[in-house]
Amino acid sequence: MTHQKPIVSLLLAGLLTLSLTACGKDDSQPSPDAGTSVPAGTAVQVETVTSDTISSENKVSGKVTSDLDASVFVATSAKCTAVYVEVGDTVRAGQALCTLDLASTLSSYEAANIGYTSAVQSYQDQAALFDKQIALYEKNVNDLKALQEIGAASQSEIDAAELTLMSAQVTRDSTLSQLEAGIQSAKASVEQLATALENVDARGNVIAPISGVLLSLSAEKDGFVSSAMPVAVIDGVDQLKIAVTVSEALVPKLSIGDSVDVTVSSVGASFTGTIRAVDRTANAQTKLYTVTVTIPSEVDGLLSGMFADVTFHTDTSADTIVIPAQAVLTSGGTQYVYVVEGDTARYVEVTTGLTGNGVTEITSGLEAGQQLVTVGQAYLSDGAPVRIVTGED
C-alpha cells in the first residue's frame, strides 16, 4: 500500500501541467480554419440612365466603283433661283450646282413617302391581327374535335366553328388584297415624284453626282430648267463611288445628301460618305434598288472592285431614353431590366424602340437618373441585395 502513493502523485502532477498549458493558450490568434469575410449582395456595375438621340441602323454590303462622266438631269420643269458654279469650274461630288424652286414637288414627295410608310404599316398590323384571330379559331376547331371524341361536343358546334374560321380567312384575304393595292398605289406615287427629284437634295439644290470639270450648265438665275436636257454635264476625274443594293422598305427612308458610315475592311478604312443617288426602279432579277454613295476625296488607298460595308441611319428619335442593348433581358415576350435602389435590385419591365450602334431606345419603363444595371443583371431577381463595383474591382 505504501508503494502506490508516489505513482498517484506523479499522475496528478501530469494532469495539472496539461491543464495549465491549455489555460495559457493565446486566444488572440485566429484559427487556421477562419475564412475571409465576403461582402453581402451580388456584385453589379451600373450607369445612370440619360436621354440621347438614336437612329436605326441598316447595314448592307456593296462595291467600290469608278465614274468617268455624268449628265445631271431633273425630270421636271422648274425655276432656277440661284446658280453657284460656272462652266469650266472644278466641282466636287455632293456640291450644290444651283437651286430650283421645287417646294411643292418636295412637299408632295414627303407626303407620298408618309402615305407609303403608313400603308405598309397598316398592312403589317392588319396581317398580324388576322394571324392571331385565325390561330384562335383554328385552336377552337381542334379543341371541339377533341371534345367530340369524348362526347362533350356536337358536330353542329364543330361545323359552326369551322364556318367562323373560313369566314375569317376570306375576310383576311380580301382585306389584305385591298391594303396591298393601296401600297402599290402609294409606291407608284413615291417613285413618280422621286424621278423628278433625282440629283436634288431636300432643299432643292441640284447636287453634283461626281467630282470633275463642269463642261456645260443650262441653269440660269430666274430662268427655267427643262427635263429635256441636262442641267449640267461633268467630266469625271475617275471619282470613286460605292454602289449598294437595298430593299424597297428602306428606299423611302433614304434621301440624297444623307450621311452614311462606310467601312472598307481590306484597307482598314472607315469614313463618312454621302448618298448621291437612289434608284427608283428595282432590278428585274433581284427586286432590289441601287443606292450610290460618294467617297470623300481625302480618302486614300481605295481601288475599284473592293468590298465596302455601308450603314444607313434612319428613323431618328431625339431626346429619348437610350441604354446599352446588353442591359435588356427577355423572357418570353417580355423585356425587362434591373435598376438599383439603395442596395437592392428592382425588376422593371420596359418597352423598346429603335436599336443601333449597340444601344436601344426605351419608350416606357425607365426615367433619366435611375441607376441601371449593365453588368451582372443576368444573376439578379427582384429585391435581391446588390453591391455596386467598378470594372477594376
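Ala, Val, Leu, Ile, Met, Phe, Trp, Tyr, Cys and Pro count as nonpolar, Asp, Glu, Lys and Arg as charged, and the others, Gly among them, as polar. This is a predicted model, where local features need pLDDT of at least 70, side-chain atom pairs count only at pLDDT 80 or more, and totals for chains, interfaces and linings use all residues. Residues are numbered from 1 along each chain as its sequence is written, and side-chain values use heavy atoms, with hydrogens and water left out.

**Exercise 1. Describe the largest pocket and its lining.**

Step 1. Fix the term. On a 1 Å grid over the protein atoms alone, a pocket is an open set of points where a 1.4 Å probe fits, with protein on both sides within 12 Å along at least five of seven lines; lining residues have an atom within 4 Å of a point. A volume is the space filled by probe spheres set on the points, which are joined across faces, edges and corners.

Step 2. Take the volume: about 530 Å³ for the largest pocket. Its lining has 22 residues, and Tyr 116, Thr 117, Ala 249, Pro 252 and Lys 253 are the closest to the centre.

Step 3. Assign elements. Helices (H or I, at least four residues) and strands (E, at least two) are DSSP runs, numbered from the N terminus. Helix H2 (103–149), helix H3 (155–196) and strand E15 (307–324) each give two or more residues to this lining. H2 gives the most, with nine.

Step 4. Sort by class: eight nonpolar, nine polar and five charged residues line the largest pocket.

**Exercise 2. Do the same for the second largest pocket.**

Step 1. The volume is about 210 Å³. Of 13 lining residues, Leu 106, Tyr 109, Leu 197, Val 200 and Ser 255 are the closest to the centre.

Step 2. H2 gives the most to this lining, with three residues. The classes are eight nonpolar, one polar and four charged.

**Exercise 3. Work out the aromatic cluster of Tyr 336, Tyr 338 and Tyr 347.**

Step 1. Rings of Phe, Tyr and Trp (its six-membered ring) pair if their centres lie within 6.5 Å; planes under 30 degrees apart count as stacked, over 60 as edge-to-face and the rest as tilted. The count is three aromatic pairs.

Step 2. Tyr 336 and Tyr 347 are tilted, at 4.9 Å centre to centre and 35 degrees between the planes. Tyr 336 lies in strand E17 (residues 334–341) and Tyr 347 in strand E18 (residues 344–349), so the pair ties together parts eleven residues apart in sequence.

Step 3. Tyr 338 and Tyr 347 have ring centres 6.1 Å apart and planes at 70 degrees, so this pair is edge-to-face.
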